[in-house]
Amino acid sequence: MGRDRDRQHKRPHRPRASRVEHAQSRLARPVAPGPLTRLACYTWAAPTTLVGLVAGTLTLGTGGRVQHRRGALEFHGGFARWFANRIGFDAMTLGHVILGRDAPSLEELRDHEQAHVRQAERWGPVFIPAYLAASMLAWSRGGHYYRDNWFERDARRACGELD
Ligand SMILES: [Zn+2]
């Protein structure tokens, strides 16, 4: 912080920003959440994370592995691979847990799955029912239960994938 202030002072003839400009630039800048906000996010998403941890525990008990990336636990192999093959996915997010077929799948899909982590932090305990409801809504409108699901479209938009 102090370093930033020093850098600003050294900048020559820096024009003074108006109050409005200052507020706008503040809004545009991504704000790193503080520890209390992070704790609230983890707590709010905990019911969904718990479901993920059950699958994660099964994964570890069946020869799978776990890694920690960007605030989420990523499980792959073992049960996660079996489940992925059974359902037909490469990676799936349950709160702060991401299940992946294998490590390369997790690597490739990390941005997308992290967008789902942010959704789980917003939707909290209703994330899973809301996701399933969105699938049913998409299907009832003649769309695809996965591709046209609002949560999938939102995740694709969030990480710049074409919709
Ligand atoms: Zn997705």
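Leaving aside neighbours within four places in sequence, which residues is Ala 80 in contact with? In this predicted model, Ala 80 contacts Ala 55, Thr 59, Gly 64, Phe 75, Leu 99 and Gly 100. Ala 80 also ranks among the residues with the most contacts inside the largest nonpolar core. The others in that group are Ala 91, Val 97, Ile 98 and Leu 99.

The core itself has 21 residues. Two or more residues come from each of β2, α5, β3, β4, α6, α7 (127-140) and α8 (150-158). Helix α6 gives the most, with 5 residues. In soluble globular proteins, nonpolar side chains tend to be buried together.

The sheet was examined next. It is open, has 4 strands and follows the order β1-β2-β4-β3. Its pairing is mixed. The edge strands are β1 (65-69) and β3 (91-94), and each pairs on one side only. Neighbouring strands are turned by 25° against each other on average, direction ignored. Strands of a sheet pair through backbone hydrogen bonds, either parallel or antiparallel.

Both senses of pairing involve β2. Strand β2 (residues 72-76) pairs with β1 in the antiparallel sense, over 5 bridges. Within this pair, Val 66 has Phe 75 of β2 as its bridge partner. Gln 67 stands opposite Glu 74 in β2. On the β4 side, β2 and β4 run parallel and are joined by 4 bridges. Here His 76 stands opposite Gly 100 in β4. Strand β2 is mostly covered, with 4 of its 5 residues buried. Phe 75, the partner of Val 66, is also one of the contacts of Ala 80.

The antiparallel pair β1 and β2 forms a hairpin with 2 residues between the strands. Arg 70 lies in the loop that links them. Its phi is near 45°, a positive value in a residue other than glycine. Most residues other than glycine have a negative phi, and most peptide bonds are trans. Is Arg 70 buried or exposed? Arg 70 counts as exposed because it has 12 C-beta neighbours inside 10 Å.

Two helices were examined against the sheet. Helix α4 lies across β1, β2, β3 and β4 (97-100) and runs at about 40° to β4. Helix α6 (residues 103-123) packs on the sheet and touches β1, β2, β3 and β4. The direction of α6 makes about 30° with that of β3.

Helix α4 also meets helix α5. Two packed helices are described by the angle between their axes and the distance between the axes. The axes of α4 (residues 46-61) and α5 (residues 78-87) come within 5 Å and cross at roughly 115°. This crossing makes α4 roughly perpendicular to α5. From α4, the contact is made by Ala 55, Leu 58 and Thr 59. From α5, it is made by Gly 78, Phe 79, Ala 80 and Phe 83. These residues divide into 5 nonpolar, 2 polar and no charged.

Ala 80 thus links several of these descriptions. Ala 80 belongs to the contact of α4 with α5. Ala 55 and Thr 59, both in its contact list, take part from the α4 side. Leu 99, another of its contacts, is likewise among the residues with the most contacts inside the core.

Technical notes:
Residues numbered from 1 in each chain as written. Predicted model: local features only at pLDDT ≥ 70, side-chain atom pairs only at ≥ 80, totals over all residues. Axes fitted to C-alpha atoms, helices over the stretch in contact; angles between N-to-C directions. Parallel < 35°, antiparallel > 145°, perpendicular 65-115°, else oblique. Contact = placed C-beta atoms within 7 Å. Nonpolar A, V, L, I, M, F, W, Y, C, P; charged D, E, K, R; others polar. Pairing = 2+ DSSP bridges. Buried ≥ 20, exposed ≤ 12 C-beta atoms within 10 Å, placed from the backbone. Core = buried A, V, L, I, M, F, W, Y, C linked by C-beta atoms within 7 Å.
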